[in-house]
Amino acid sequence: MSNTPICDFVKEYARKKPLRFHMPGHKGRKILGCEPLDLTEIEGADSLFEASGIIAESERNASALFGCPTFYSTEGSSLCVRAMLYLASTRGRGKTVLAARNVHKSFLYAAALLDFDVRWLYPDDGSYLSNAFSPHSVAAALDGAEEKPCCVFLTSPDYLGGVCDVKEIARVCHERGVLLLVDCAHGAYLRFPAQASVFPTDLGADLVCSSAHKTLPVLTGGAYLHIGNGVKEEFRPRAKDALALFASTSPSYLILQSLDAANARLKTLGSKWAPFCLDLFSVSNRLHAAGYGILAPARFTDGTMTGKTDPEKDLCAADYGKLTVKPKSRGYTGDELAAILEDRAIYPEFHDPDHIVFMTSPLNGKKDLKALERALLSIPCRAPIRESAPPLPRPERVMSVREALFSPSERLPASECRGRVLHDPSVSCPPAVPVLMCGERIDGQAIECFEYYGVKEVAVVREFGIRNL
Ligand SMILES: Cc1ncc(COP(=O)(O)O)c(C=O)c1O
């Protein structure tokens, strides 16, 4: 069995300098440089959604790495989120989902397409990006639900590096006959090293997506759909059909090669995360000592790190790849700090008034971490900023996500939309986590949040509604 069957096949094909009388239209002529390696489902290249050859072999390699059935997406976790909700809906147990309020907008689009009724779980700490949901609050929401949800949908890790207690929440769900779906787009690397995995499928989650491209050495678009071992007999046979239902019929072979190559790379890279996270933690400690607030890597009150400090023993869950800084204590908003760093060609993943998030991996290495630390410490301290984020709105639900998204709409300045119903999530990437959900009424608190987070325009449902058009 080859380590990299897709890469091997394409390399051999390109070596022959073939006459290409097939798609794609660039015919292997170099424009970007990668075209000779880009092809389509020619003889021997297998077919992503009917895989039985090199793609199936490569997916078996990925499944072995992740310890559960794992399938490729060349259209990100967005595609997998749709497939996960679809699979949950095929059990015949209704289409109500209890979802964490910090969902990515791909969840809303999936819920709208599949006509799911969404009930929201608000975080215990009140931040719109946070996944601070205790197992107890999930149990209470499930027990108090008017209609029993067919699944719970969580985002873990969240954008700020918070991780849910997936193990306990899975137990709560399974005791009640409910599936646990986890959007682990930011946490593919949580599986490594395997002996200390805190990956959601290893903690009992049933259906999980992870964006290989976000944290592993994979081209943008590469992602995985994972099936928990407890439900593999039920869902493994239908996973490909679920992905195919929403996907392009022309998957990118460049991305497939990248996913394939990652299988080989992760055999060695996987063991580098634990030592790297200790380096990252030391950096975060020095930033903390210099007055920066640090949200991730998370620390215990005694100052030690929660997470994989010891990969042999410590299975405590934490997103140990993100450095999330709260710079107001040093007198800067996250947006101001990002502008200063970007002037020095240092680009964070995300910033808002309260946070600046740096996504790291062993591929950054000590040198990059040192440069980041030096830059942050060189920025002079100012008087702390006291203004904090407005509270998360608890708006009135007027219509379902689907009804709102399928209604005629108009875009208006956010400040003029009090009383109107939100049409689409109206947030861009990153973080693409909506402040308010489609179908909810915009109140004063929501307008305050839009203003605080710089959302200037929103799409609202047109008042005369679809039936009167
Ligand atoms: C939490 C979360 N879920 C899902 C997605 C969608 O992932 P992808 O970009 O791989 O489609 C994102 C993208 O940023 C995300 O942040």
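Student: In this predicted model, how many residues of each class line the largest cavity?

Tutor: The lining of the largest cavity includes V118, W120 and R397. It also includes M437, C438 and E440. Sorted by class, the lining comprises six nonpolar, one polar and two charged residues.

Student: How much space lies in the largest cavity?

Tutor: A search of the whole structure for cavities of 30 Å³ or more finds one. The space in the largest cavity is about 50 Å³.

Student: Into which domains is the chain divided?

Tutor: The division places residues 5–268 in domain 1 and residues 271–378 in domain 2. Residues 401–468 form the remaining part of this division, domain 3.

Student: How much area do domain 1 and domain 3 bury between them?

Tutor: The C-alpha centres of domain 1 and domain 3 are 28 Å apart. In contact across this interface are 15 residues of domain 1 and 19 residues of domain 3. Carbon and sulfur atoms carry 69% of the buried area, which amounts to about 1,600 Å².

Student: Which three residues supply 38% of the area that domain 1 buries against domain 3?

Tutor: No other three residues supply more of the area that domain 1 buries against domain 3. The three residues are R101, L108 and Y128.

Student: Which side chain meets E440 in a salt bridge?

Tutor: Between domain 1 and domain 3, four residue pairs are in polar contact, and one salt bridge is found across the interface. E440 is among the residues lining the largest cavity. In its salt bridge, at 2.6 Å from N to O, the partner of E440 is R101.

Methods: Residues are numbered from 1 along each chain as its sequence is written. This is a predicted model: local features need pLDDT of at least 70, side-chain atom pairs count only at pLDDT 80 or more; totals for chains, interfaces and linings use all residues. Side-chain values use heavy atoms; hydrogens and water are left out. On a 1 Å grid over the protein atoms alone, a cavity is a set of points where a 1.4 Å probe fits but cannot get out, and a pocket is an open set with protein on both sides within 12 Å along at least five of seven lines; lining residues have an atom within 4 Å of a point. Grid points are joined across faces, edges and corners, and a volume is the space filled by probe spheres set on the points. Ala, Val, Leu, Ile, Met, Phe, Trp, Tyr, Cys and Pro count as nonpolar, Asp, Glu, Lys and Arg as charged, and the others, Gly among them, as polar. Domain bounds come from an automatic or database domain assignment. Contact means heavy atoms within 4.5 Å. Buried area is the accessible area (1.4 Å probe) that two parts lose on being put together, summed over both. A salt bridge is a side-chain nitrogen of Lys or Arg within 4 Å of a carboxyl oxygen of Asp or Glu. A polar contact is a pair of N or O atoms within 3.5 Å; within protein, one must be able to donate a hydrogen and the other to accept it, and residues adjacent in sequence count only if both atoms are side-chain atoms.
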